[in-house]
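Thanks for coming, everyone. Let me put the structure up, and then we'll walk through it.

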Amino acid sequence: MDQKEKSNKSRAGILALAFREFAEKGYDRASLNALCAASGLPKGLLYYYFKDKDALYLACLEECFSCIAAYLQQHLPPPPLQPEAYFDLRLQFFRAHPYHQQLFCQAVVHPPRHLAARIRQCKKPLDEWDGQMLSAILSGRPLAAGHTLDSAVRQLRLFEDYLNASFALAGSGFPSAEEQDRLCREALRTMLYGLIARS
């Protein structure tokens, strides 16, 4: 293993430890001192790769968003893509990666105020790809009166934000992947097909 490989491995190991620390405790309660003490990680090594807590947190989020996008792209079924299939795929990812779920939801719903703009920038590639997928799902489908493709995509994005916010406001933390799965499927059916049957 050459020096570059060793360096990449060291950085990846620090990220893995920090990922868990931030996911379990959130940004505010996460502690680099506690992380180093619990893992035996030398502080000097941590600060060699990451300037401070903010830099480490943003690196974890970049990793999180990148993993989500890569998973979705790799497992996306062939077109035409059904709305339920796309959201099922997202839920499958979070079920298999609970730390990603926690970190993602915390960053989306309760981002550290001083990092909010930088988090939006980190998430921008994922948001753009998500928007393309939602457009592809809705394109060519009959939309309800008053909706354009752009407005329908905006509504689905608001739906995603609503779900994340509702989990946070519940007061007991974010739900398990199974409970999130149930709630998301229920809300998605309502979002797509409504509550009241039309005659």
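Which residues do ring pairs link into a cluster? Look for Phe65, Tyr71, Phe93, Phe94 and Phe104. Those five names are the cluster. Before going further, one caution: this is a predicted model.

Take Phe104 out of that group. Phe104 sits in helix 6, which covers residues 98-109. Its relative accessibility is 6%, so Phe104 counts as buried. Now look along the chain to Ile196. The two are 92 residues apart in sequence, and their C-alpha atoms are 33 Å apart in space.

Staying with rings: how many aromatic pairs does the structure hold? The count is 11. One of them is Phe22 with Tyr27. The ring centres are 6.3 Å apart and the planes meet at 5°, so this pair is stacked. The angle cut-off for stacked is under 30 degrees. Both partners are buried: Phe22 has a relative accessible area of 1%, and Tyr27 has 13%. Tyr27 has another neighbour to show you. The charged end of Lys53 sits over the Tyr27 ring, 4.4 Å from the ring centre.

Lys53 takes us to helix 4, residues 53-75. Why does its length agree with expectation? Helix 4 has 23 residues, and at 1.5 Å a residue they should span 33 Å. The expected span uses one less than the number of residues. The end C-alpha atoms are 33 Å apart, so the two values agree. What caps the N-terminal end of helix 4? That is Asp52, with a side-chain oxygen 3.2 Å from the backbone nitrogen of Asp54.

Let me zoom out to the whole chain. How many helices and how many strands are there? Nine helices, zero strands. Read along the sequence, the pattern is α-α-α-α-α-α-α-α-α. The C-alpha trace spans about 70 × 40 × 30 Å along its principal axes. There are 199 residues, and 38% of them count as buried. On contacts, take residues at least 6 apart in sequence. Of the contacts between them, 68% join residues at least 24 apart.

Next, helix 5, residues 83-96. Two arginines to show you here. Arg90 lies in this helix. Is Arg90 buried or exposed? Buried, because its relative accessibility is 17% and the cut-off is under 20%. What does the Arg90 side chain touch? It makes a polar contact with the side chain of Asp130, at 2.8 Å. Set aside neighbours within four places in sequence, and Arg90 is in contact with Leu72, Asp130 and Glu160. So Asp130 turns up both as the polar partner and in the contact list.

The other arginine is Arg95, also placed in helix 5. Arg95 is partly exposed, at 36% relative accessible area. Pro142 is 47 residues away along the chain from Arg95, and the C-alpha atoms are separated by 32 Å.

Now two serines. Ser39 is in helix 2, residues 32-39. It is partly exposed, with a relative accessible area of 33%. The Ser39 side chain reaches the backbone nitrogen of Leu41 at 3.3 Å. Ser39 and Ile14 are 25 residues apart along the chain, with 9.6 Å between their C-alpha atoms.

Ser151 is in helix 8, residues 149-169. Ser151 counts as buried, at 11% relative accessibility. Its side chain reaches the backbone nitrogen of Thr148 at 2.8 Å.

Last topic: cysteines. How many disulfides does the count give? Zero, with the sulfur cut-off set within 2.5 Å. Cys36 is in no disulfide; its nearest cysteine sulfur belongs to Cys60, 13 Å away. Cys64 is in no disulfide either; its nearest cysteine sulfur is that of Cys67, at 7.2 Å. Are these two buried or exposed? Cys36 is buried, with a relative accessible area of 7%. Cys64 counts as buried too, at 0% relative accessibility.

That's the tour. Happy to go back to any view.

Note on methods: Residues are numbered from 1 along each chain as its sequence is written. This is a predicted model: local features need pLDDT of at least 70, side-chain atom pairs count only at pLDDT 80 or more; totals for chains, interfaces and linings use all residues. Side-chain values use heavy atoms; hydrogens and water are left out. Buried means under 20% relative accessible area, exposed over 50%, partly exposed in between (1.4 Å probe, protein chains only). Helices (H or I, at least four residues) and strands (E, at least two) are DSSP runs, numbered from the N terminus. A polar contact is a pair of N or O atoms within 3.5 Å; within protein, one must be able to donate a hydrogen and the other to accept it, and residues adjacent in sequence count only if both atoms are side-chain atoms. Contact means heavy atoms within 4.5 Å. Rings of Phe, Tyr and Trp (its six-membered ring) pair if their centres lie within 6.5 Å; planes under 30 degrees apart count as stacked, over 60 as edge-to-face and the rest as tilted. A charge sits over a ring if NZ of Lys or CZ of Arg is within 6 Å of the ring centre and within 35 degrees of the ring normal.
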